[in-house]
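Reader: I'm new to this one and would like a close look at a single part. Could you walk me through it slowly?

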Amino acid sequence: MPDNPLSWGLEQQRVPQPCAVVIFGATGDLTRRKLMPALFRLAEQRQLPAGFTVIAVARKPMSDEAYAAFVRDALVEHKVITEGDHALWTSFAQGIRYVQGEFQDPTGYQRLAETLAEVDATRGTGGRRLFYLATPPPAFPVIVQQIGQAGINQTPPEGWSRLIIEKPFGTDLASARALNHELHAVFAEYQIYRIDHYLGKETVQNILVLRFANGIFEPLWNRRYIDHVQITVAESVGVEGRGDYYETAGVSRDMLQNHMLQLLTLVGMEPPVAFDANAVRDEKVKVLRALRPIPPDELDARTVRAQYAAGAVGGRPVPGYREEPDVPPTSSTETYAALEVYLDDWRWAGVPFFLRSGKRLAKRATEIAITYTNPPLRLFRNAVGDGVEPNVLTLRIQPDEGVSMKFMAKLPGQVMDLRPVQMDFDYGASFATAPPEAYERLLLDAMLGDSTLFIRSDEVEAAWAFADPIISGWHERAAVRLPEYAAGSWGPAEAEALIEREGRRWRRL
């Protein structure tokens, strides 16, 4: 029995049936850094069945053994295993197959079909297939069409066929709708798993538990008691050599339209009728549809965008965005965005949600801060100190996952001296275990057929319907020079002005 009572039940396992995970783009960075380490950790935790198989698909000619060595090198590089760790690796490597093929070449899919038939027969995967597109988004339609033409999405009665695709899901509303149409030509909506790794993080999942499994929070989770909500996704890194990609995305497509709006839906949603995929996602879609549009004439008042200039992060000098490789010296792409948004529904009418995200900020941190209204009567206005501060419930999503609550308390002594204090809950310390990586949870859910933490087609389109006019309005202005903020700071002065109009301020993380 575990010594820590909070960890009771952590040994419970969810194990899927034997299946084949087919990874397109199997030699790419995502596979090396995230997918293979996540699958191996699941094997370590005994959450993968005997017979589990990985079928890697990529352009480079390679044998099964050579690809297994590639995977092992990746696991060593990312400290998942050591050079001398052989026991589990031997059995894991037995389930690795490699298929060479170009994404648009039908012969590669014929070889894939033969390999799928072979592992069905030898490893008992029974026609259970999870296709993971770890490729650039332009390849999605090509691969899906070829899967359909090869017929490998068709499985026997005991089997199933599912598809995972990575964000971005389109670059605007029109392209998102076109992508959904192309996916639905081969896979039904219930077979499609659109992955946003933020939804696999423990604290993100615990937003729903915090709200709906505790009687003290939900009665106060509304416009009567909450003054405002801040959602921050801060990165200390720059574009990391991806200047060409970032020029087409900017923070608006890279963070706002997906990660940040997903966090907003979990804070803003109504209680679902059940904790299942469709019930939860129904409520998330309602939140997205309740977002008040920001018309062009309000962009200056309710949004801020900026670029990072040269500065220092962690004591190390770093260049400005326009000095990064593959970034034009006249770029007007935003690396920072802040917005004031509203939900036009009964629960949240009049409550501002302040969203901000940026690169090269002072630290890497993601959190949701719910600031409550002050007491209606200033009983302690003559107390020593800085006065009564509002209660703040903070959900830390990364890097230190946990929950804290700020409230007022009296210092010991003869004088009425008030100070804010914190109650803090840390997941790692309390449960005596590190939370699983997001990809571990999401890959396992997909193998089990649980789509609760994945994004539905109408969610994608509703998010783009809100974000599209903002992005278009920004780009129509064709600003030659955006406001700048020094790398290592918390953003531009304009963002401070956005939130300070009514006496509020951004939290210092």
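Reader: Let's start in the parallel sheet and go out from there. Which residue in S2 is the bridge partner of Ile23?

Author: Happy to. Keep in mind that this is a predicted model. The partner you're after is Ala56, which sits in S2 and bridges to Ile23. That bridge belongs to the pairing of strand S1, residues 20-24, with strand S2, residues 53-58. The two run in the parallel sense, and five bridges hold the pairing.

Now step back to the sheet around them. It's an open sheet of six strands, and if you go across it you meet S3, S2, S1, S4, S5 and S6 in that order, with parallel pairing. At the edges you'll find strand S3 (96-100) and strand S6 (192-195), each pairing on one side only. Ignoring direction, neighbouring strands of this sheet are turned by 20° against each other on average. As for what joins such strands in general, they pair through backbone hydrogen bonds, either parallel or antiparallel.

Next, look at the helices lying across these strands. Helix H4, residues 106-123, lies across S1, S2, S3 and strand S4 (128-133). Its direction is at about 165° to S3. Then there's helix H12, residues 438-448, which lies across S1, S4, strand S5 (160-166) and S6. H12 runs at about 150° to S5. So S1 and S4 are named in both cases: H4 lies across them, and H12 does too.

Two further helices are worth a look for how they pack. Helix H1 (residues 29-44) meets helix H2 (residues 64-77) at an angle of about 90°, and their axes are 9 Å apart. Because of that angle, H1 counts as roughly perpendicular to H2. On the H1 side, the contact is made by Thr31, Arg32, Met36, Pro37 and Phe40. H2 brings Tyr67, Phe70, Val71, Ala74, Leu75 and Glu77. Sort the residues of this contact by type and you get eight nonpolar, one polar and two charged.

For another kind of pairing, go along the chain to strand S14, residues 392-398. Seven of its seven residues are buried. Strand S13 (residues 365-372) runs antiparallel to S14, and six bridges join them. In that pairing, Ala369 stands opposite Thr394 of S14. S14 also pairs with strand S15 (residues 402-410), again in the antiparallel sense, over five bridges. Here Arg396 has Gly402 of S15 as its bridge partner. A hairpin of three residues takes the chain from S14 to S15.

Terms used
Residues numbered from 1 in each chain as written. Predicted model: local features only at pLDDT ≥ 70, side-chain atom pairs only at ≥ 80, totals over all residues. Heavy atoms only, no water. Pairing = 2+ DSSP bridges. Helix = DSSP H or I, 4+ residues; strand = E, 2+ residues; numbered from the N terminus. Axes fitted to C-alpha atoms, helices over the stretch in contact; angles between N-to-C directions. Contact = heavy atoms within 4.5 Å. Parallel < 35°, antiparallel > 145°, perpendicular 65-115°, else oblique. Nonpolar A, V, L, I, M, F, W, Y, C, P; charged D, E, K, R; others polar. Buried < 20%, exposed > 50% of the residue type's maximum accessible area, 1.4 Å probe, protein only.
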